[in-house]
Amino acid sequence: MSGYEKPDHWTLKAKKEGYPARSVYKLAELQDKFGLLKAGMRVLDVGAAPGSWSLWVLRFLKGSGFLSAVDLQKLAISAPTPNFFFIQGDLYDPAVRAELAARGPYDLVLSDAAPSTTGNSTVDTGRSESIVEAVLDMADEFLAPGGAVVAKLFIGGGERELLDRMKAGYAAARGFKPKTCRSESFETYLVGTGKRRPAPRPAAP
Ligand SMILES: C[S@@+](CC[C@H](N)C(=O)[O-])C[C@H]1O[C@@H](n2cnc3c(N)ncnc32)[C@H](O)[C@@H]1O
C-alpha cells in the first residue's frame with residue numbers, strides 16, 4: 001500500500017463518525033474559518049458523492065432549512081429526510097440544473113466537485129476550472145443576494161481569473177486551503193461571501 005492510500009487519522013475519524021469520506025473535515029474547517037452555514041439555510045451541494053458533506057450539512061441543519069445535492073455517482077449515505085433532495089446527474093446538464101433551480105434560491109452553494117484525473121495537469125486543472133465556472137454560473141442563477149459560494153479548484157493558471165470574477169460578484173472572495181487537505185494535494189477552495197444584487201436591467205426605451 002502506498003503512503004497516499006494508507007488510512008490516516010482523518011480517514012479513521014470519518015469512519016468512526018459515520019462519514020464515507022475524510023473530505024468532511026475540509027468542510028468543517030471551512031465552517032470554522034468562515035462560519036458559512038447557519039440553521040434554517042437552503043444549501044446546494046455540488047459533486048456530493050459519496051455524501052460526507054451532505055451528511056454533515058444535514059446533521060448541522062437538524063431538520064431545518066433544505067439541502068439539494070447533485071453528483072454523477074450515487075450517494076453512499078442514507079438520508080431519508082424531507083429537507084433533502086438528491087439528483088444523480090451531470091452538473092452541466094440543463095435538465096439537472098432546472099431541478100436544482102426549482103428548489104432554490106439557496107443561501108449557500110458548496111462544491112467539492114472534481115473531475116476524474118488523467119495525470120495530465122493541464123487537462124485536469126482545465127477541467128477543474130470549467131467546473132468552478134459552471135458552479136459560479138449556478139450561483140449567479142440560484143444563490144440569493146447576500147449568499148456565499150465555496151468551490152474546489154485544482155490549482156493551475158486560472159485561480160486569479162476565477163477570483164477576479166468572484167470579487168466582482170461578491171463582497172469578498174479568497175482562496176483557502178484546509179489543513180486536512182493531503183499535503184501532496186494541489187487543490188484549494190475559492191470562497192465568495194456576500195453575493196451582490198445583480199445590477200438592475202436598464203429600462204426599455
Ligand atoms: C471529491 S468528490 C466529492 C466528495 C464529497 N464532497 C463528500 O464529502 O463525500 C468529487 C465528486 O465530484 C463529482 N463530479 C465530478 N464531475 C461532476 C459533474 N460534471 N457533475 C456532477 N458531479 C461531478 C464526482 O462524481 C465526485 O463524486
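Biologist: Quick one: does α2 pass α3 in a left-handed or right-handed crossing?

Modeller: Right-handed (the near helix is turned clockwise from the far one by less than a right angle). Bear in mind that this is a predicted model: local features need pLDDT of at least 70, side-chain atom pairs count only at pLDDT 80 or more, and totals for chains, interfaces and linings use all residues. Residues are numbered from 1 along each chain as its sequence is written.

Biologist: What's the angle between α2 and α3?

Modeller: About 45°, with the axes (lines fitted to C-alpha atoms over the stretch in contact; angles run from 0 to 180 degrees between N-to-C directions) 8 Å apart. Here α2 is residues 24-34 and α3 is residues 52-61, both helices being DSSP runs of H or I, at least four residues. So the pair counts as oblique (not under 35, 65 to 115 or over 145 degrees).

Biologist: And which residues meet there?

Modeller: V24, L27 and A28 from α2 meet S52, W53 and W56 from α3 (C-beta atoms, placed from the backbone, within 7 Å).

Biologist: Switching to the ligand: which residues come nearest?

Modeller: G47, A49, S52, L91 and D112, out of 22 around the ligand (C-beta within 6 Å). The elements giving two or more residues to that shell are α3 and β2, residues 66-71, a strand being an E run of at least two.

Biologist: Ok, how do α5 and α6 cross?

Modeller: At roughly 10°, with the axes of α5 (residues 121-142) and α6 (residues 159-169) coming within 11 Å. They are therefore roughly parallel to each other.

Biologist: Which residues make that contact?

Modeller: On α5, E129, V132, L136 and D140. On α6, L162, R165, M166 and G169.

Technical notes:
Contact = placed C-beta atoms within 7 Å.
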